[in-house]
Amino acid sequence: ISIYKFNNILDEVKFATKTILNLCLKNNLSFDDFAIIVPDLLQYKNYIKNEFEKNNITYFFDESEPIGSNIVLRFYFDLFNLLNNNFLKVDVFNFLFNYTNIDKNQLFNYQNTINLSGLNYVKALEPIEYLDCSNCELVFEKTLLLKNLSNKLKQSLPFDEIMQLIIDFAEDFGFNQYLAELNATYVKKQNIVEYRKLNQVIKKVNAGFADLVNVLKNYQTNTANVFNIIKAFLENTTIAVPPIINNSVFVADVLSSFVPHKKYAIVLGASDGNFPKIQTDLGIISDADIHNLKDNFYLSPTINIINKRNKFKVFETMLNFDNLQLSYVGQNAHGETVLPCEVINNFIEFFEPKIQIINGSVLQQVSEFEHSENNFIFNNVSIDYLKQNLIQAEKLKDIQVNNSNFNNTYANLFNSFSNVGEDAEALVSK
């Protein structure tokens, strides 16, 4: 475990970048061995993107996106809209065009026939004897399924039976086959991102349906309420956008991401109140009052409970790695001092005196070989780092330094001076 303090986010991200490059070079690691964990992806995204691209580091932002606009959700939401609106003509046309592979000529023929007839929209779901509905057979096979579903849903049914009717309709209508063909198209075009996203959504929707049935089971209500419950449950569901590059640094949000096990975790932004973000209880009823209420388990979690859960998730995530580098920015935009978060304080308390907070911004200056006339300030850095920078300092003066001799002669010397800081020229002369 190592802990660093920085003057600003840019220094913090630059140091993380160099840490990854150095460890890959010295320890024969790959980018896939690292995770970057931040309190807020939006705050750090551009910094990480710019620094990683400058240094040719491949990366993956573990960003979530809502699934409400995905074709799977659109199918069910459009179906509910169709049934609630008693099969408005335009809704029927859009549903058939969007979710079937019926030949477009058949669909246009059906659409023109209905438009010219001026018939009731519901009657348009089945063939009309006095109209020419030839070449519309496949269309009416689908619309008949819609009509049958509508008739069944008019009965008073428990929640789980309504859910089963909806699931069966998707299979009979051919929507599952439609999704399988869509997946095959993505594979053929090597569109791996869309392929993985679609399969994530399908799994999430199926799991969501199963959870709803397990909870509500034989709960009895009208069909419109069932549709609203399903929509409310699913429309805020999110998925992680899958990475397309295997060997990449995994960049995660500490609360919203599930971070897989990696050899190294580099935690940025671990300042007080920020890692994790602490929510303020602005509720009218206090936690104490809620605790005294009868049946309080029906209420949503209190702010204190949410904050405790978030802290627990942070600790749980931190303990999932072999090596941990924590850092925070020691001052805010107004120049005010910022303290490290509870995670850092607890690590220091538990491991002290083995862990010390290192001023990373000072180290950052050393790592960029900024030559000073008088001193290089070393702040508890490794022998390799000291050696690298002293050799660089001498090269700036056109003095030839033999690397192997340097290793043998000055190894013990560096141990003595690694925590002190010494004039570069005097150090080498000794």
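Val259 sits in the loop between strand 6 and strand 7. This is a predicted model. Val259 counts as buried, because its relative accessibility is 6% and the cut-off for buried is under 20%. From this loop residue, the briefing moves to the sheet, the helices, a pocket and two further loop residues.

**Val259 and its surroundings**

- Which residues does Val259 touch, leaving out those up to four places away in sequence? The list is Ala35, Ile37, Phe250, Ala252, Thr317, Asn320 and Phe321.
- Two of these partners, Ala35 and Ile37, fall within strand 2, which covers residues 34-38.
- Phe250 and Ala252 are also partners, and they fall within strand 6, which covers residues 249-253.
- Val259 and Ile36 are 223 residues apart in sequence. In space, their C-alpha atoms are 9.4 Å apart.

**The sheet**

- The model has an open sheet of 7 strands. Their order is 3-6-2-7-8-1-9, and the pairing is parallel.
- Which strands form the edges? They are strand 3 (59-61) and strand 9 (357-359), and each pairs on one side only.
- Neighbouring strands of this sheet are turned against each other by 20° on average, with direction ignored.
- Strand 7 (residues 264-267) and strand 8 (residues 323-329) run parallel and are joined by 4 bridges.
- Tyr264 has Asn323 in strand 8 as its bridge partner.

**Helices on the sheet**

- Helix 1 (residues 9-27) lies across strand 1 (2-6), strand 2, strand 6, strand 7 and strand 8. Helix 1 runs at about 160° to strand 8.
- Helix 2 (residues 41-54) also packs on the sheet. Helix 2 touches strand 2, strand 3 and strand 6.
- The direction of helix 2 makes about 165° with that of strand 3.

**The second largest pocket**

- How much space lies in the second largest pocket? The value is about 230 Å³.
- The pocket is lined by 12 residues. Closest to its centre are Leu83, Asn86, Phe87, Ser150 and Lys154.
- Helix 3 (71-84), helix 6 (137-153) and helix 10 (223-234) each give two or more residues to the lining.
- Helix 6 gives the most, with 4 residues.

**Two loop residues with positive phi**

- Phe87, one of the residues closest to the pocket centre, is in the loop between helix 3 and helix 4 (89-99).
- Phi of Phe87 is near 60°, a positive value in a residue other than glycine.
- Asn28 is in another loop, between helix 1 and strand 2. Its phi is near 55°, again positive in a residue other than glycine.
- Is Phe87 buried or exposed? Phe87 is buried, because its relative accessible area is 3%, and buried means under 20%.
- Is Asn28 buried or exposed? Asn28 is exposed, because its relative accessible area is 71%, and exposed means over 50%.

**The whole protein**

- The protein has 17 helices and 9 strands.
- Of its 430 residues, 41% are buried.
- Among contacts with a separation of 6 or more, 72% come from residues 24 or more positions apart.
- The protein exposes about 24000 Å². Carbon and sulfur atoms supply 49% of this area.

Notes:
Residues are numbered from 1 along each chain as its sequence is written. This is a predicted model: local features need pLDDT of at least 70, side-chain atom pairs count only at pLDDT 80 or more; totals for chains, interfaces and linings use all residues. Side-chain values use heavy atoms; hydrogens and water are left out. Two strands pair if DSSP finds at least two bridges between them. Axes are lines fitted to C-alpha atoms, for helices over the stretch in contact, and angles run from 0 to 180 degrees between N-to-C directions. Contact means heavy atoms within 4.5 Å. Buried means under 20% relative accessible area, exposed over 50%, partly exposed in between (1.4 Å probe, protein chains only). Accessible areas come from the Shrake-Rupley method with a 1.4 Å probe; for residues, only the protein chains shown count as cover. On a 1 Å grid over the protein atoms alone, a cavity is a set of points where a 1.4 Å probe fits but cannot get out, and a pocket is an open set with protein on both sides within 12 Å along at least five of seven lines; lining residues have an atom within 4 Å of a point. Grid points are joined across faces, edges and corners, and a volume is the space filled by probe spheres set on the points.
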